[in-house]
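Q: Could you take a close look at one helix in this model for me, and walk me through what surrounds it and what pairs with it?

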Amino acid sequence: MAPGVTRPRQRFLSELLGFAAVGVLAYAADLGLFLWLRGPVGLDPLTAKALSFMAGCSVAYAGNALGTYRHAAARGPRPYVVFFAVNIAGALVQLLCLAVSHYGLGYTSPRADTVSGAGIGMALATVLRFWGTRSLVFRGEGRVGSWTG
């Protein structure tokens with residue numbers, strides 16, 4: 001352990017890095033499936049996105065359950081349902097940021113939409129997803145809802 005780094009802080013950083021790595025894989029699965037469903041398969045955009053979102057959530061759940069939070073006992077359907085709900089809440093945060101910027105503040109350019117939805121919205125949604133995953137889905141022994149371990 002590095003000097004000055006406490007065990008809870010080390011565990012927190014490990015969880016954060018693992019969560020981020022799993023998130024990148026889930027995002028790639030979501031995007032790749034969406035592009036395939038929209039392109040060669042020819043589904044409409046909302047159906048393609050709904051299916052790719054569910055697949056991305058499943059990849060993220062599996063990655064977190066088998067990797068990042070493998071030490072936490074998550075059994076049965078409840079953890080997956082809560083995980084899925086946390087991810088829907090994250091998606092709603094992104095949509096809310098986009099809606100406030102576009103319709104509330106009048107920033108209607110494609111650049112502004114990208115910054116508010118994919119930038120600010122994604123950052124806030126990621127914080128929400130990390131907190132929800134850590135404290136509501138994969139609660140470790142002695143650490144229920146704590147940000148610091």
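A: Sure. Let's say two residues are in contact when they have heavy atoms within 4.5 Å of each other. Keep in mind, too, that this is a predicted model.

The helix I'd pick is α2, residues 45-68. With 24 residues at 1.5 Å a residue, α2 should span 34 Å, and its end C-alpha atoms are 32 Å apart, so the expected span and the model agree. At the N-terminal end of α2, D44 acts as a cap. A side-chain oxygen of D44 lies 3.3 Å from the backbone nitrogen of L46.

Now for the buried face of the story. Counting as buried in α2 are A48, S52, F53, G56, C57, A60, Y61, N64 and T68. Their cover includes three other helices: α1 (7-38), α3 (78-104) and α4 (110-137).

N64 is a good one to zoom in on. This residue sits in helix α2, and its relative accessibility is 1%, so N64 counts as buried, the cut-off being under 20%. Leaving aside residues up to four places away in sequence, N64 touches F19, V22, Y69, R70, F83, T133 and F138.

Next, the charged pairs. Side chains of opposite charge can pair when their charged atoms come close. A search of the whole structure turns up two salt bridges.

One of them involves α2: the side chains of K49 and D30 meet in a salt bridge, at 2.7 Å from N to O. This pair ties together distant parts of the chain, with D30 in helix α1 and K49 in helix α2, 19 residues apart. How buried or exposed are the two partners? D30 has 12% relative accessibility and so counts as buried, whereas K49, at 36%, counts as partly exposed.

The other salt bridge joins the side chains of R134 and E15, at 2.5 Å from N to O. Here too the link is between distant parts of the chain: R134 belongs to helix α4 and E15 to helix α1, 119 residues apart. R134 is buried, with a relative accessible area of 1%, and E15 is buried as well, at 2%.

To tie this back to your helix: α1 and α4, which hold E15 and R134, are among the elements that cover the buried residues of α2. And α1 also carries D30, the salt-bridge partner of K49 in α2.

Definitions and conventions:
Residues numbered from 1 in each chain as written. Predicted model: local features only at pLDDT ≥ 70, side-chain atom pairs only at ≥ 80, totals over all residues. Heavy atoms only, no water. Helix = DSSP H or I, 4+ residues; strand = E, 2+ residues; numbered from the N terminus. Expected span 1.5 Å × (residues − 1). Buried < 20%, exposed > 50% of the residue type's maximum accessible area, 1.4 Å probe, protein only. Polar contact = N/O pair within 3.5 Å; in protein donor to acceptor, adjacent residues only side chain to side chain. Salt bridge = Lys/Arg side-chain N within 4 Å of Asp/Glu carboxyl O.
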